[in-house]
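The following exercises are to be worked with the sequence and the three-dimensional model at hand. Each task is followed by a solution in steps.

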Amino acid sequence: MIYQRSSALFTEAKKYIPGGVNSPVRAFKAVGGDPIFVKKAKGAYLYDEDGNKLIDYIASWGPLILGHAYEPVINAVVERAQNGTSFGMPTEIETELAKLAISMVPNMDKIRFVNSGTEACMSAVRLARGFTGKDKIIKFAGCYHGHSDSFLIQAGSGAVTFGSPNSPGVTQGTAKDTLLADYNDLAGVKELVQANKGELAAIIIEPIAGNMGCIVPTDEFMKGLRDICTQEGILLIFDEVMTGFRLAKGGAQEVLNIKADIVTYGKVIGGGLPVGAFAARTEIMDFLAPDGPVYQAGTLSGNPLAMSAGLAMLTELNNNLEVFKSLAKKAEYLHEGIAAVLTERKVAHQINRYGSMISVHFTDEPVVDFASSAKGNNETFKKYFHGMLERGVYLPPSAFESYFLNDALSYEDLDATINALKEIEL
Ligand code: PLP
């Protein structure tokens, strides 16, 4: 495959955009080489600026669960655009999407729309702090909740002390209110809660993690988190930006059978347009402005084009719940195919999967948290990534990302992917 035009466009982009991209993972820093510039996409395929056709396993990092340029979504957006693109005033479609989203997920009474997953998580934490009157939160190493200051935190010295900034520009003052725990480590969480008794507003978690590969929580861990939160008056925030409307109609709350206090959404809920949302029971949501004291706002929040895309997407999913099973079966098929090739070739690996999220880790050890995910062999991953790309398969350009299957992928596409792997020297 040839990537001359992509490389030229990247060189040009770097002159005007920091790193040539508007979100760092797109720059291929983890795998080397130049990023692919996309010209268009349809169904399961990306078509790049050099005329290559790629089987896509990231689906815009999750939103395009039914494939690219899915007609009902595109038609809804085009039709809506004819009547104006933004008003900064209420529109009926916001209520329609709110009503539908709430009816699909367990346990949520009201929802507020924002423009990204970052905004949703940032606002959810502010609301939790306002509602509980407490300042501190617990997050888990390797979970990503967007790039707002409170989440750009790494473990500080000593497990029960506060975190420290992991990006310049985040202040120590902010970092001291974010405590870090390890995923699947209930004892560690209990220790943190004890050491900060009465000071915690929320525990925020990706209920199925997708930002350190795909990592599934143990039952004991999740039930334990729920119990601790209930006992201590801490709000449990499920960040369902990845999992919401992807794993099932009711997302991770449904499949894990755990009720969160606040849930954040993004990706699928916007059908490929910029939408995030957070939802909770009435008592909590009514703490938000204009009825309550916690301020939160947005010029383009509830934007009519974005709402149309989200409404069309959720309507399609709600009318065809089989799609979640179909996606999970495809993920299982891919899992088995990749595992068979790697096993036969004696390449150390772990494959983690839940529903349509899947990740391949080049390590012998089970991947259950950030530390075990970080043990994956990145040199092997790079060969795997570039080998697949050369053969027309586009995987996430980082070993820490989950693949997001879309239902436009055919079994022929999956076979082509598995066959591509057979040709690669790892
Ligand atoms: N939460 C999770 C679990 C995510 O995966 C992401 C982004 O990938 C975010 C939040 C942030 O969403 P956004 O990139 O829309 O700001």
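**Exercise 1. A helix and a sheet**

Across which strands does helix H11 lie, and at what angle does it run to E13?

Solution. The model is a predicted one.
Step 1. Locate helix H11 at residues 322-344; it lies across E13 and E14.
Step 2. Compare directions: H11 runs at about 175° to E13.
Step 3. Place these strands in their sheet, which is open, has three strands in the order E13-E14-E16, and is antiparallel in its pairing. Strand E13 (350-354) and strand E16 (403-404) are the edge strands, each paired on one side only.
Step 4. Examine the pairing of strand E14 (residues 357-361) with E16, which is antiparallel and extends over two bridges. Within E16, Phe 404 is the bridge partner of Met 357.

**Exercise 2. The four-stranded sheet**

Determine the strand order of the open sheet that contains E1, and identify its edges.

Solution.
Step 1. Follow the four strands in the order E1-E2-E3-E15; the pairing is mixed.
Step 2. Identify the edges as strand E1 (38-42) and strand E15 (393-394), each of which pairs on one side only.
Step 3. Inspect strand E2 (residues 45-48) and strand E3 (residues 53-56): they pair in the antiparallel sense over three bridges. Leu 46 is found opposite Leu 54 in E3.

**Exercise 3. Two domains**

State how the chain is divided into domains and describe the contact between them.

Solution.
Step 1. Assign the segments: domain 1 comprises 4-57 + 366-401 + 405-423, and domain 2 comprises 71-319.
Step 2. Consider the separation of their C-alpha centres, which is 27 Å.
Step 3. Count the participants: domain 1 supplies six residues to the contact and domain 2 supplies 10 residues.
Step 4. Classify the side of domain 1 that touches domain 2: four residues are nonpolar, one is polar and one is charged.

**Exercise 4. The packing of H3 and H10**

Describe the geometry and composition of the contact between H3 and H10.

Solution.
Step 1. Take helix H3 (residues 92-104) and helix H10 (residues 304-319); they pack at an angle of about 35°, and their axes are 9 Å apart.
Step 2. Assign the handedness: the crossing of H3 and H10 is left-handed.
Step 3. List the residues that meet. H3 contributes Ile 93, Glu 94, Glu 96, Leu 97, Leu 100, Ala 101 and Met 104, while H10 contributes Pro 304, Met 307, Ser 308, Gly 310, Leu 311, Leu 314, Thr 315 and Asn 318.
Step 4. Sort the contact by class: nine residues are nonpolar, four polar and two charged.

**Exercise 5. The shell around the ligand**

Which residues come nearest to the ligand, and how do the residues of the shell divide by class?

Solution.
Step 1. Of the 16 residues around the ligand, the nearest are Ser 116, Gly 117, Thr 118, Gly 146 and Val 241.
Step 2. Trace the contributions: helix H4 (residues 117-132) provides the largest share of the shell, three residues.
Step 3. Divide the shell by class into five nonpolar, nine polar and two charged residues.

**Exercise 6. Backbone exceptions**

Locate the cis peptide bond and the positive phi at Ala 59.

Solution.
Step 1. Recall the usual backbone: most residues other than glycine have a negative phi, and most peptide bonds are trans.
Step 2. Find the cis peptide bond between Ala 289 and Pro 290, with omega about 10°. Pro 290 belongs to the loop between helix H9 (282-285) and H10.
Step 3. Turn to Ala 59, which has a positive phi of about 50° although it is not a glycine. Ala 59 is in the loop between E3 and helix H2 (71-81).

Technical notes: Residues are numbered from 1 along each chain as its sequence is written. This is a predicted model: local features need pLDDT of at least 70, side-chain atom pairs count only at pLDDT 80 or more; totals for chains, interfaces and linings use all residues. Domain bounds come from an automatic or database domain assignment. Ala, Val, Leu, Ile, Met, Phe, Trp, Tyr, Cys and Pro count as nonpolar, Asp, Glu, Lys and Arg as charged, and the others, Gly among them, as polar. A residue is near a molecule or strand if its C-beta atom, placed from the backbone, lies within 6 Å of it. Axes are lines fitted to C-alpha atoms, for helices over the stretch in contact, and angles run from 0 to 180 degrees between N-to-C directions. A crossing is left-handed if the near helix is turned anticlockwise from the far one by less than a right angle, and right-handed if clockwise. Two residues are in contact if their C-beta atoms, placed from the backbone, lie within 7 Å. Two strands pair if DSSP finds at least two bridges between them.
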